[in-house]
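Subject: Structure for your review

Dear colleague,

Please find below the structure that I am handing over to you. I would be grateful if you kept it open while reading the notes under it.

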There are 2 protein chains.
Amino acid sequence: MNRLTPLLQQLIDALRILPGVGPKSAQRMAFALLERNREGGLQLGAALQAAMTKVGHCQQCRTFCETELCAICAEPARRADGLLCIVGTAADQLAIEQTGQFNGRYFVLQGYLSPLDGIGPQDLGLDLLANQLGAGDINEVILATNPTVEGDATAFYIAELCHKQQIKVSRIAQGIPVGGELEFVDGTTLSHAFSGRKAF
Amino acid sequence: MNRLTPLLQQLIDALRILPGVGPKSAQRMAFALLERNREGGLQLGAALQAAMTKVGHCQQCRTFCETELCAICAEPARRADGLLCIVGTAADQLAIEQTGQFNGRYFVLQGYLSPLDGIGPQDLGLDLLANQLGAGDINEVILATNPTVEGDATAFYIAELCHKQQIKVSRIAQGIPVGGELEFVDGTTLSHAFSGRKAF
Ligand SMILES: [Zn+2]
Ligand SMILES: [Zn+2]
C-alpha cells in the first residue's frame, strides 16, 4: 500500500523527469531534501523556475543564454581568426571550450537533422547559419558533429552550404580515443582510424 | 573558461544539492530540461516549492505528511493489534510498509541519538513517544532501527522507556540477508546470525 501523501508523491514523480533518476533515487532525493535541506530544495525550485522561463538562445550562435548575444559571440577577439565550429549541443560546446584549444566562434545546432523525427534544417537554425556564412567574415568551418548517422547527415548538409560560399570546411578527426585500447575499439572506429592515418 | 550564463550556472549549482548528483550529471540534467522539457522543469520547480513549504510531520508518528495525522495513524484498524514499529526514517517506514507484512502503527524518529552531533531524545520526539507508551493501547514495540552504533543506542534508550511501562519490546532480527552468500557477509553480521540462530 502506498502511504505517501500527495505532495510527496508529486515531488517524487516530478524528480523522475531528470535524466538518470529512477523511482528509488527520486524517493531518496525527496526524503533527503525534506529531512535535511528544505532551504536548498526551495533554492532549486526557484532556480528551475528562473532558468526554464528566462534562458533562451543566443541570436547568433543559438547556445543557451538569457541575453541577446552570448559571451563568446559578444567578444570581438573570438571573430579574429574567422573560425566557426559547428556543434550539436551546448554540452558539446562546453566540452570543446574546456579544452582551451579553440578560440573561434561556435554555432550550436541544438540537435541534428532527423527526417523521421520531423527535424529539418529550419529546426537547427541552418537558415541563420547560411546567412552567417554569406556575411564574408568566416574563413573555415569546423564540423564537430557526433559520429552518428544524424551527425553525419547534418555535417554533409552544412558542408554543402560551405561549398556554395567557397568556405573551407573540415571535420574533427575520428579514431582511437587517447588512452583507449585497440582491442576494445569497435570496427567502424578502427576503419576510420585507418583511413584517417597521418604520416609519422 | 566557463561560459555558462548566470541562470544556467545557478541551476547547475542548485541541482548538486540532490544526493548522488555531481557536477557532470547536474550539467546534463540542466541541459536536458532546457533542450527538451521546460514544462517538466517548471512542474518540478512547483513541486519542490509546494513540498518544502507544506509537507510537515504527522502529529502522532512524525512521518512526513501535510495533514495533522497521516493515513496510517488515521486508520483505526492499524491500532487493533497494539503493535508499534519504531523506524529511523520515512524511507525505512516505506520499505517495511511495502513488504505488506506489518499492520500496526509506526513511530518515525527522523534520525538517531547522536550526542556528538547534538541530537538528543527531544530531537527524535522521544518525549512524544513516552506519552504514547503511557496511554495503554500499545502491547508490543518492535525496534526496527539501523544496526549501527547510533541505531543500537537509540534502540536501548527506547527499550528502557518500554520496560518502565512494562510493554513488551523486540528488535528485528539481524543476520544473513536472504539470497546473500556467506563468504561475503561481514564478521559482525555473521556472529549476530549465530547468536540469533533458531531451532530448525
Ligand atoms: Zn552566441
Ligand atoms: Zn502518523
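The notes below cover the interface between the chains, one pair of helices and the salt bridges. Please bear in mind that this is a predicted model.

The interface

The size of an interface is often given as the accessible area lost when the parts come together. For chain B and chain A, this buried area is about 5000 Å², with 72% of it on carbon and sulfur atoms. On the side of chain B that touches chain A, two or more residues come from each of helix H1 (6-15), helix H2 (23-36), helix H3 (38-54), strand S2 (64-65) and helix H4 (90-99) of chain B. The largest share of that side comes from H3(B), with 15 residues. Sorted by class, the same side of chain B holds 32 nonpolar, 13 polar and nine charged residues. In total, chain B and chain A each bring 54 residues to the contact.

Between the two chains, eight residue pairs are in polar contact, while the number of salt bridges across the interface is zero.

A pair of helices across the interface

Two packed helices are described by the angle between their axes and the distance between the axes. The axes of H1(A), residues 6-15, and H3(B) come within 9 Å and cross at roughly 145°. This crossing of H1(A) and H3(B) is left-handed. Among the residues that meet here are Leu7(A), Leu11(A) and Leu15(A) from H1(A), and Leu44(B), Leu48(B) and Lys54(B) from H3(B). The contact of H1(A) with H3(B) involves ten nonpolar residues, two polar and one charged.

Salt bridges

Side chains of opposite charge can pair when their charged atoms come close. Over all chains, there are twelve salt bridges. One of them joins Asp137(A) and Arg79(A), whose closest N and O atoms are 3.1 Å apart. Asp137(A) lies in the loop between helix H5 (126-133) and strand S5 (140-144) of chain A, and Arg79(A) in the loop between strand S2 (64-65) and strand S3 (83-87) of chain A, so this salt bridge ties together parts 58 residues apart in sequence.

With kind regards

How values were computed. Residues numbered from 1 in each chain as written. Chains lettered and ligands numbered in written order. Predicted model: local features only at pLDDT ≥ 70, side-chain atom pairs only at ≥ 80, totals over all residues. Heavy atoms only, no water. Contact = heavy atoms within 4.5 Å. Buried area = accessible area lost by both parts, 1.4 Å probe. Salt bridge = Lys/Arg side-chain N within 4 Å of Asp/Glu carboxyl O. Polar contact = N/O pair within 3.5 Å; in protein donor to acceptor, adjacent residues only side chain to side chain. Helix = DSSP H or I, 4+ residues; strand = E, 2+ residues; numbered from the N terminus. Nonpolar A, V, L, I, M, F, W, Y, C, P; charged D, E, K, R; others polar. Axes fitted to C-alpha atoms, helices over the stretch in contact; angles between N-to-C directions. Left-handed = near helix turned anticlockwise from the far one by under 90°.
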